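Work through the exercises below with the sequence and the model beside you, and try each task before you read its solution.

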Amino acid sequence: MTEESESQVDASFIASDGDIDASLRPKSLDDFIGQPRVREQLQLVLSGAKMRGGTPDHILLSGPPGLGKTSMAMIIAAELGSALRLTSGPALERAGDLAAMLSNLVEGDVLFIDEIHRIARPAEEMLYLAMEDFRVDVIVGKGPGATSIPLEVAPFTLVGATTRSGALTGPLRDRFGFTAHMDFYEPAELQLILARSARILGVPLGDDAGAEIAGRSRGTPRIANRLLRRVRDYADVRADGVITREIARAALAVYDVDQLGLDRLDRAVLGALVRSFGGGPVGVSTLAVAVGEEPATVEEVCEPFLVRAGMIARTPRGRVATAAAWEQLGLTPPPDLTIGGIEVRANEPQQGLF
Ligand SMILES: Nc1ncnc2c1ncn2[C@@H]1O[C@H](COP(=O)(O)OP(=O)(O)O)[C@@H](O)[C@H]1O
Ligand SMILES: [Mg+2]
């Protein structure tokens, strides 16, 4: 498949994203499939607060895109019976933007700040006080005549979502009472998610077809749901609408989704690492330049999955391709492949590969 037809596929994914996401989002903690630890921990945090009749501690949701952070924020508000106010880090450019948001909160509200690591510094500093003492200091005027007017904020729960918890400043991270780390989903969990989505969309999806799609979804519910829609298109247009394993395989071949679900960027990064840098070690920003992407995208979107899949390892000197990565590209790993000083044999079980 050419670069161009691949990007067309990506565009169609994005176009239908809004409606898929809305209709397929889980609505309650019980409805939420996977992430058992996070669900149990959140259940305790929320139930404890409800029992005491107060607002729960501020909650940080961290993890790669598409794993359910926004869905979970909505569920937190729903479980508390509270209203959800939505904003994002990049939207809070000035402290005044945040002050307006905070002063409109009603007691018990859940304020959701998506991409909270991208919040501007003055807004972040205002947020410290709001999170801790439920008040803000609004500065009126400039220079020596400026005065600070304290403003009360109704007790609220902040839910922050981030793909880069490491990029959060210490003071901000410390003000969250609970951090939920979302991890990639197991194929069995993705299969349950797909069965649920198929039910909602009214798509006949066979068990083995569900397993086929789940295994190629990159551990990510959002991708699983996208692939389901694309496979449904294929089943409707080229068959009788029923998704069998054969139909799923044929459709996924058309969309160039490989066995592991690696996407274009994943493959580009692996290709550059192995072919241009001899398997590494190489720094993430050099790697990003080689594939024409932002370092942050490579680091937040691509790398976590490739590490989890046992394809690349992070070492103090940079990123290194494992034997599995060489084999994935149809190449023979060098016989003396070492990672962080440890020799890695080609026939070693691929750790973390699911
Ligand atoms: N645990 C889950 N169970 C069912 N569907 C899920 C789950 N997590 C995510 N999804 C689906 O994936 C989509 C993307 O999730 P979202 O919450 O927007 O992820 P994030 O905010 O982490 O990028 C949602 O619209 C929903 O359809
Ligand atoms: Mg989101």
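## Exercise 1: a strand and its two faces

In strand E6, Thr-157, Val-159 and Ala-161 point one way while Leu-158, Gly-160 and Thr-162 point the other way, and all of them are buried. Here a residue is buried if 20 or more other C-beta atoms lie within 10 Å of its own, exposed if 12 or fewer do, and partly exposed in between, with the C-beta atoms placed from the backbone. Helices (H or I, at least four residues) and strands (E, at least two) are DSSP runs, numbered from the N terminus. This is a predicted model, in which local features need pLDDT of at least 70 and side-chain atom pairs count only at pLDDT 80 or more, whereas totals for chains, interfaces and linings use all residues. Residues are numbered from 1 along each chain as its sequence is written, and chains are lettered from A and ligands numbered from 1 in the order in which they are written.

Task: explain the pattern of directions in E6, and state how many of its residues are buried.

Solution. Begin with the general rule, which is that in a regular strand the side chains alternate between the two faces of the sheet. Then count the burial along E6, where six of its six residues are buried, so that the strand is described as mostly covered.

## Exercise 2: the partners of E1

Task: find which strands are joined to E1 by four bridges, and name residues that stand opposite each other.

Solution. First recall that two strands pair if DSSP finds at least two bridges between them. Strand E1 (residues 59-62) is joined by four bridges to E6 (residues 157-162), and these two run parallel. Within this pairing, the bridge partner of Leu-60 is Gly-160, and that of Leu-61 is Ala-161. Next, E1 also has four bridges to strand E7 (residues 178-181), again running parallel, and here Ile-59 stands opposite Phe-178. Finally, look at the faces of E1: Ile-59 and Leu-61 on one side and Leu-60 and Ser-62 on the other are all buried. As for E6, four parallel bridges also join it to E3, with Leu-111 and Leu-158 as bridge partners.

## Exercise 3: an annotated residue

Task: describe where Thr-70 lies and decide whether it is buried, partly exposed or exposed.

Solution. The unreviewed UniProt entry places the annotation "binding site" on Thr-70; UniProt positions are given in the numbering used here, feature names are shortened, and annotations may be inferred rather than shown by experiment. Thr-70 belongs to helix H3 (residues 69-80). Because 19 other C-beta atoms lie within 10 Å, Thr-70 counts as partly exposed. Leaving aside neighbours within four places in sequence, Thr-70 is in contact (C-beta atoms, placed from the backbone, within 7 Å) with Asp-114 and Ala-161.

## Exercise 4: helix H11 and what follows

Task: compare the span of H11 with its expected span, then follow the chain onwards.

Solution. Helix H11 (residues 264-276) has 13 residues and reaches 17 Å from its first C-alpha to its last, close to the 18 Å expected at 1.5 Å a residue, where the expected span is 1.5 Å times one less than the number of residues. Its buried residues are Asp-266, Val-269, Leu-270, Ala-272, Leu-273 and Val-274, and what covers them includes helix H12 (284-291) and strand E8 (312-315). Just after H11, Gly-278 has a positive phi of about 60°. Pro-281, in the loop between H11 and H12, is joined to Gly-280 by a cis peptide bond with omega of about 5°.

Conventions: Contact = placed C-beta atoms within 7 Å.
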